[in-house]
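Work through the exercises below with the model open. Try each task before you read its solution.

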Amino acid sequence: MLKSFSQAQDAAPAQAACALRAAAEQQVPQAVPSDVPSAAALTEPARTERICSALEQVQDIHAPTPLTDRYLHNRALMRPKNRPPFDPDTLWYLRYGRCPIMTELIDVVNEETLNAMPIEAVAILDRINNKLKRYRDWSGELDAQPSQNEKQFVIDKLVSESIPEALHHYEQLLRFSPHRTKNSTTHDKMSARDILIDLFLEVDYELDELLDELHQTVLNRLASTHRYVKSRTKS
């Protein structure tokens, strides 16, 4: 019988997070060339911390986060607006445990796809799904007639094209060359697994920036309303 990610008996996420932190602590920091932009890619220790955070999230039984029983219970009480009518109780049963369907990525991944990924990639993809839903719902509330800026256009392309393309390549490697895929690396010492995780981390980071923009937009509107009220109530 498959165990939930939230069950304490399933120590895979926690063990993976501990192993990642231990490996990161042993790495010697490398100098970044001055001609490479600092925001071009996540570097250590930020990269490891982001992966560990995603892994530890699936073990958190004290907060309504994805992949926990409490999250599943809360989710059953609501149905997202302007979204396909998915049954909130629908679960995907993975080799790592069970998780709610990724409604924002339903055309991108399925159970078979997720089972082919390392657990770190599944955890990060789940975060992407939930941030994507927050972003779409929030931006939809802000604009009666939604318009896209460059970052919004980029994230839509990453989700609809880049992630499916990367998963297609990864699955091909696992099907036709599983041994070499597990043991070989590219010229920059990254395995296929590392590349897939890094790709998801970049999308996750990009969504953070989009959500920060929405936060700042609403905060500015609140400040504007505050200034208006102050100007009208001066004696």
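**Exercise 1: Two helices crossing**

Helix 6 and helix 8 cross with a left-handed turn. This is a predicted model.

Task: Find which residues make the contact between helix 6 and helix 8, and work out how the two helices run relative to each other.

Solution.
- Step 1. Get the geometry. The axes of helix 6 and helix 8 come within 11 Å, and they cross at roughly 165 degrees.
- Step 2. Apply the cut-off. Angles over 145 degrees count as roughly antiparallel. Helix 6 is therefore roughly antiparallel to helix 8.
- Step 3. List the contact. Helix 6 supplies Lys151, Gln152, Ile155, Leu158, Ile163, Ala166, Leu167, Tyr170 and Leu173. Helix 8 supplies residues including Ala192, Arg193, Leu196, Phe200, Val203, Glu206 and Leu210.

**Exercise 2: The course of helix 6**

Task: Describe the span of helix 6, then find where helix 6 bends.

Solution.
- Step 1. Count. Helix 6 covers residues 150-176, which is 27 residues.
- Step 2. Compare spans. From first C-alpha to last, helix 6 reaches 37 Å, close to the 39 Å expected at 1.5 Å a residue.
- Step 3. Locate the bend. Helix 6 bends by about 40 degrees at Leu158. Leu158 is also one of the residues in contact with helix 8.

**Exercise 3: The buried side of helix 6**

Task: Name the buried residues of helix 6 and the helices they pack against.

Solution.
- Step 1. Use the cut-off. Buried means under 20% relative accessible area.
- Step 2. Pick the residues. Gln152, Ile155, Val159, Ile163, Ala166, Leu167 and Tyr170 of helix 6 are buried.
- Step 3. Find their partners. These residues pack against helix 4 (111-115), helix 5 (119-142) and helix 8 (192-233).

**Exercise 4: Helix 5**

Task: Is helix 5 largely enclosed or largely open, and how does helix 5 run relative to helix 8?

Solution.
- Step 1. Check the span. Helix 5 has 24 residues and reaches 35 Å, close to the 34 Å expected.
- Step 2. Check burial. In helix 5, 17 of the 24 residues are buried, so the helix is largely enclosed by the rest of the structure.
- Step 3. Take the angle. The axes of helix 5 and helix 8 come within 9 Å and cross at roughly 25 degrees. Angles under 35 degrees count as roughly parallel. Helix 5 and helix 8 are therefore roughly parallel to each other.
- Step 4. Add the hand. This crossing of helix 5 and helix 8 is left-handed.

Conventions. Residues numbered from 1 in each chain as written. Predicted model: local features only at pLDDT ≥ 70, side-chain atom pairs only at ≥ 80, totals over all residues. Heavy atoms only, no water. Helix = DSSP H or I, 4+ residues; strand = E, 2+ residues; numbered from the N terminus. Expected span 1.5 Å × (residues − 1). Bend = angle between axes of the 7 residues up to and from the residue. Buried < 20%, exposed > 50% of the residue type's maximum accessible area, 1.4 Å probe, protein only. Contact = heavy atoms within 4.5 Å. Axes fitted to C-alpha atoms, helices over the stretch in contact; angles between N-to-C directions. Parallel < 35°, antiparallel > 145°, perpendicular 65-115°, else oblique. Left-handed = near helix turned anticlockwise from the far one by under 90°.
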